[in-house]
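The exercises below concern pockets, strand pairing and surface patches. Work through each task with the structure open, then compare with the solution.

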Amino acid sequence: YKYPDFFYGIGNDNRIEDEEVYVNRFERLDGSFMKFVNQRLAVGLKFDIQNNQLSDFEEEGQIINDDIFGIDGGLNVGLGPTLQVDSRDNILYPSRGVFALAEITMYRQGLGGDFTYTNFILDLRKFLSIKNEKNILAFQLAGNFTSGKVPFYKLPKVGGDSRLRGIENANLYIDRQSFWMQAEYRRKLFWRLGAVAFVGFGDVAPNLADFRPDEFKYVIGLGGRFQPIKSEKLNARLDLGIGRGGQYAFYLSIKEAF
């Protein structure tokens, strides 16, 4: 990856006008080795290796002047346990079932990295059909929590094409802790076309005790779906999300958001 990246500050009250652009170049290898205990339960080992080189900071920007942790880049090496429960009837376009994922990734200098911190991920999803498989409700409750000193470019966030669509930039709100909840109604229309409507809320904070309901980020949105391969439940999607404070964003992607 070598591309301009964006920074707005750390916290949940950043403004889109405070955008800073810098170059973030990194190589990354991440994934999991999983062993299925039965048809639904799998356990394994999560790994994440990422080497960042950062450059071209704005001279009057926050990153340099506030001495944001991680400005020098470096190597992140993390390992840890992962557990997954999956009873979905289809992993690409589920109409019923549950999905649950719990991961703990421990980044340590003893593993060869430059940083020491821990990353926790919890992801719970539920899918159900209404009358038939043309009408599906999908729900997600997820969180990304950290402890230790985390480089700013690895901090949890709440924006992007898979979480709280409607926040103008995925990096607008970042901090040490994050959570989000979202629900989506999915409807098959005709031929290979479909539509969705979604809502969600979430936020970031430095500590779990710092989350405040009056500061949560809320989004609503609509989307269209097209099934390129008739025999596969894999959709191309175009979503429009509208967020708190008049924010909005378009997303063109493959596969459902969650």
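**Exercise 1. The largest pocket**

How many residues line the largest pocket, and which of them lie nearest its centre?

Solution. The model is a predicted one.
- Step 1: take the volume, which is about 1300 Å³ for the largest pocket.
- Step 2: collect the lining, which comes to 47 residues. Those nearest the centre are R28, D30, I121, S162 and R163.
- Step 3: assign the lining to strands. At least two residues each come from β1 (2-7), β2 (20-36), β3 (41-55), β5 (97-107), β6 (117-130) and β7 (132-148).
- Step 4: sort the lining by class, which gives 23 nonpolar, ten polar and 14 charged residues.

**Exercise 2. The second largest pocket**

Which residues are the closest to the centre of the second largest pocket?

Solution.
- Step 1: the volume of the second largest pocket is about 190 Å³.
- Step 2: the lining of this pocket has 16 residues, and K188, R192, L193, G194 and Q227 are the closest to its centre.
- Step 3: two elements, β8 (177-188) and β9 (193-205), each give two or more residues to this lining. The largest share is that of β9, with three residues.
- Step 4: by class, the lining holds seven nonpolar, three polar and six charged residues.

**Exercise 3. Pairing of β1, β2 and β3**

In which sense do β2 and β3 pair, and over how many bridges?

Solution.
- Step 1: start at the β1 side of β2. Six bridges pair β1 with β2 in the antiparallel sense, and P4 stands opposite V23 of β2.
- Step 2: turn to β3. The pairing of β2 with β3 is antiparallel and has 14 bridges; one register point is G31, whose bridge partner in β3 is F47.
- Step 3: follow the chain from β2 to β3. The connection is a hairpin through four residues.

**Exercise 4. Pairing of β7, β8 and β9**

Which residue in the turn between β8 and β9 has a positive phi?

Solution.
- Step 1: β8 pairs with β7 in the antiparallel sense over eleven bridges. Here G143 has F179 in β8 as its bridge partner.
- Step 2: β8 also runs antiparallel to β9, joined by twelve bridges. In this pairing, the partner of E184 is F198 in β9.
- Step 3: β8 and β9 form a hairpin with four residues between them, and in its turn W191 has a positive phi of about 50°.

**Exercise 5. The cavity**

Which residues line the largest cavity?

Solution.
- Step 1: with a threshold of 30 Å³ or more, the count is one cavity. The volume of the largest cavity is about 30 Å³.
- Step 2: its lining consists of I167, Y173, K217, Y218, V219, G243, R244 and Q247.
- Step 3: strand β10 (residues 217-226) gives the most to this lining, with three residues.
- Step 4: four of the lining residues are nonpolar, two are polar and two are charged.

**Exercise 6. A nonpolar surface patch**

Which residues form the nonpolar patch on the surface, and what is their accessible area together?

Solution.
- Step 1: the members of the patch are V199, I220, L238, L240, I242, Y248, F250 and L252, with about 830 Å² of accessible area together.
- Step 2: the elements that give two or more residues to the nonpolar patch are β11 (236-243) and β12 (248-254). L238 lies in β11.
- Step 3: for the spacing along a strand, recall that side chains in a regular strand alternate between the two faces of the sheet.

Technical notes:
Residues numbered from 1 in each chain as written. Predicted model: local features only at pLDDT ≥ 70, side-chain atom pairs only at ≥ 80, totals over all residues. Heavy atoms only, no water. 1 Å grid on protein atoms, 1.4 Å probe; cavity = no way out; pocket = protein on both sides within 12 Å on 5 of 7 lines; lining within 4 Å. Points joined across faces, edges and corners; volume = space filled by probe spheres on them. Nonpolar A, V, L, I, M, F, W, Y, C, P; charged D, E, K, R; others polar. Pairing = 2+ DSSP bridges. Patch = residues over 30% accessible without salt bridge, like charges linked within 9 Å, V, L, I, M, F, W, Y side chains within 5 Å. Areas by Shrake-Rupley, 256 points an atom, 1.4 Å probe, with all protein chains shown as cover. Salt bridge = Lys/Arg side-chain N within 4 Å of Asp/Glu carboxyl O.
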